[in-house]
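The following exercises are to be worked with the sequence and the coordinates at hand. Each task is followed by a solution in steps.

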Amino acid sequence: MEHKLTCGIEIHQQLDTHKLFCSCESRLSEDGVGSVYRRLRPTTGETGEIDRAALAQFRRNLGYRYQAVPGVSCLVELDEEPPHSADSEALETTLTFSEMMKARTVDEIHFMRKIVVDGSNTSGFQRTALVAMDGSLDVNGKDVSILSICLEEDAARKVEADDAEVTYRLDRLGIPLIEVATGPDMHTPEEVLEVAYRIGTLLRATKRVKRGIGTIREDLNISVPGGARIEIKGVQELRLLPLYVENEMNRQNMLIRIKGILEGRGVKPAEFVCEDVTDLFADCQSKVIQGALSSKGKVLAVRLPGFAGVMNGDEGKLRLGAEMAQRARARGVKGIFHSDELPAYGISGDYVDKLRAHLGMTGENDAFVLCAASAAKAQSALEAAVARANEALIGVPEETRDPLPDGTSKYSRPLPGAARMYPETDVPPIRVTEEHMAEVRENLPELPEETEARLVSTYGINAQQARQLVRQDHADIFERAASVEGMASVAATTFLNTYGELESEGIDITAMSEDSVIGVFTALSEGVFAKEAVPAILREMARTGKDARKAASALGLEAVDEGEAEAVIAKIVSERLDFVRSKGLAAVGPLMGPVMGALRGKLDGKRANDLLVKEINKVL
């Protein structure tokens, strides 16, 4: 069977322990203290070569500044002190998860150094260790291979950046991560999502992982027939995984189509002959060009024979120009111009014609690319852009890409290889005995499907609700809420429906502590307000930080006594007496809207219905 897609996932999950190589707390902080400035350089890996991804990052010529956080970072994070022994709880969690994946654990764990010179680690490398391999996972009846399970340290957190310098905070650096790598076993975007959900629920089943945005990240390795392996690194929105996969499939197929067009034209790799055309554009009104010239910059251009129409053609379906621009921006410029998009952006047709003549462009398929910036940056950017244009002749180049919020991605760096790894000499090997693993097997946590069955039998919810609660990571808080008498059904509705509605409004439900949310159900069970008021109260709590009772009071949603409710309902019936007498009890449905609107969540809907029926019967 021929597949249109091949995809594997790497999932990185933060563990809720101390940091991996010191006793600092593993939490984020908004208070950075002081800073240390460094520059990083790539070194040769175990193969004796310099990794191409590290070299590309080094060529960006950036400096890095690091903010410390008292109690959350120490000399280990600053790379001024050797790492301590690996955290035992983080190691135990990784072994437990490996056993849940039916993976084969190694006899001895050795940490390695993975070269990273983008500034995200003060040392210039990340420590990582292979713990287990050759596991398997059942997802909807399909066996998905687990290639490896590793334990590694998370990177520093980027807080600020400009063209010359990036500032990182050391709070996240060193937080333990489990890295789970699947085989290339997924062949539809929907399958990718299902596998990610399954791995995520199993990780959470250990009860030792952090939760919330940023605590779990997915890397996607995607290829299509005739394409190449592309890594989209650091996806945080699980629900967007299918969109990233679909967009990458479309991008690769677009590049394959461009390759065919160029081959049909007999196009050869373009030579990098960079021409200074500053004089041609001296009076051009383009803001980008004028900005560069006012800063004593240059306008440089390169001819691209045969590339017309593929940089931005076929009504936007061919977009090699966007790929070239991303490579150029990685060299520090804001962008480039190419002939498929001109005249535009303040560059009139006259300037295009003059440039074409200057470059000797006589063929109808000839194209050009130009850049306005400092001479050095413009030349470097055009080198990268032309190199990317030439890569179109081979189709899809292997690379690492960064995810964008809209489900697309942008170029980050070349795909790394084995040259970035070399042994860690500061952390001793860790023996894993059969006796230890036997103890791990005896203490495995409850599996997600076991949790689902228990929620159904214990709290009376249906199987679909139980599955969604586990899948959406609400099972633990649901159990706390459902333990409040009579609250199981309301709690299920709240976490599965109300939470989604609030999130779609842009409300940060994570701003509320778990204890404060449980307070909503406690107050509801005591009759402080009606269940119809729960969404509004949660919204107010997230917005103001008030507890449930104060939020209900601020909104005027405290429950009314029955006498007050009867008076409100009697008034509504009296005002619509003719309608009520003509419809009889059929008027109950139409009048429930005005009744609940008047009571504004102060009375339970069922009780309001009962009182309305009673009042209508009085006048019939």
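A residue is called buried under 20% relative accessible area, exposed over 50%, and partly exposed in between, with a 1.4 Å probe and protein chains only. The model is predicted: local features need pLDDT of at least 70, side-chain atom pairs count only at pLDDT 80 or more, and totals for chains, interfaces and linings use all residues. Residues are numbered from 1 along each chain as its sequence is written, and side-chain values use heavy atoms, with hydrogens and water left out.

**Exercise 1. Classify the residues of three salt bridges and state which elements each bridge ties together.**

Step 1. A salt bridge is a side-chain nitrogen of Lys or Arg within 4 Å of a carboxyl oxygen of Asp or Glu. Helices (H or I, at least four residues) and strands (E, at least two) are DSSP runs, numbered from the N terminus.

Step 2. Take Glu-152 and Lys-114, whose closest N and O atoms are 3.7 Å apart in a salt bridge. Glu-152 belongs to strand S8 (residues 142-153) and Lys-114 to strand S6, so the bridge ties together parts that are 38 residues apart in sequence. Glu-152 has a relative accessible area of 2% and is therefore buried; Lys-114, at 11%, is buried.

Step 3. Arg-113 and Glu-424 form a salt bridge with closest N and O atoms 3.0 Å apart. Because Arg-113 lies in strand S6 (residues 111-115) and Glu-424 in the loop between strand S20 (421-423) and strand S21 (430-431), this pair ties together parts that are 311 residues apart in sequence. Arg-113 is buried at 12% relative accessibility, and Glu-424 is buried at 7%.

Step 4. Glu-165 and Arg-65 meet in a salt bridge of 2.9 Å, N to O. Glu-165 is in strand S10 (residues 165-169) and Arg-65 in strand S3 (residues 63-68), so parts that are 100 residues apart in sequence are tied together. Here Glu-165 is partly exposed, with 22% relative accessibility, and Arg-65 is partly exposed, with 27%.

Step 5. For the whole structure, a search finds 48 salt bridges. A network of salt bridges links Glu-248, Arg-251, Glu-323, Arg-327, Arg-388, Glu-391, Glu-399 and Arg-401.

**Exercise 2. Describe the largest nonpolar core and the contacts of Phe-97.**

Step 1. A nonpolar core is a set of buried Ala, Val, Leu, Ile, Met, Phe, Trp, Tyr and Cys residues joined through side-chain atoms within 4.5 Å. The largest one has 60 residues, and those with the most contacts inside it are Phe-97, Ile-109, Phe-111 and Leu-220.

Step 2. Helix H3 (residues 189-205) supplies the largest share of this core, nine residues.

Step 3. Contact means heavy atoms within 4.5 Å. Not counting residues up to four places away in sequence, Phe-97 touches Ile-149, Ile-178, Val-180, Ile-199, Leu-202 and Leu-203.

Step 4. Another core, of 41 residues, lies apart from this one and includes Leu-469, Phe-478, Ala-482 and Ile-518.

**Exercise 3. Characterise helix H11 and its surroundings.**

Step 1. Helix H11 spans residues 463-471, and its buried residues are Ala-466, Gln-468, Leu-469, Val-470 and Arg-471.

Step 2. The buried residues of H11 pack against H3, helix H10 (448-459), helix H12 (475-482) and helix H13 (488-504).

Step 3. At the start of H11, a side-chain oxygen of Asn-462 comes within 3.1 Å of the backbone nitrogen of Gln-464. Just after H11, Asp-473 has a positive phi of about 65°.

**Exercise 4. Determine how helices H2 and H9 are oriented to each other.**

Step 1. Axes are lines fitted to C-alpha atoms, for helices over the stretch in contact, and angles run from 0 to 180 degrees between N-to-C directions. For H2 (residues 88-100) and H9 (residues 434-442), the angle is about 70° and the axes are 10 Å apart.

Step 2. Angles under 35 degrees count as roughly parallel, over 145 as roughly antiparallel, 65 to 115 as roughly perpendicular and the rest as oblique. H2 and H9 are therefore roughly perpendicular.

Step 3. Glu-92, Leu-95, Thr-96 and Glu-99 of H2 make the contact with His-436, Met-437, Val-440 and Arg-441 of H9.

Definitions and conventions
A polar contact is a pair of N or O atoms within 3.5 Å; within protein, one must be able to donate a hydrogen and the other to accept it, and residues adjacent in sequence count only if both atoms are side-chain atoms.
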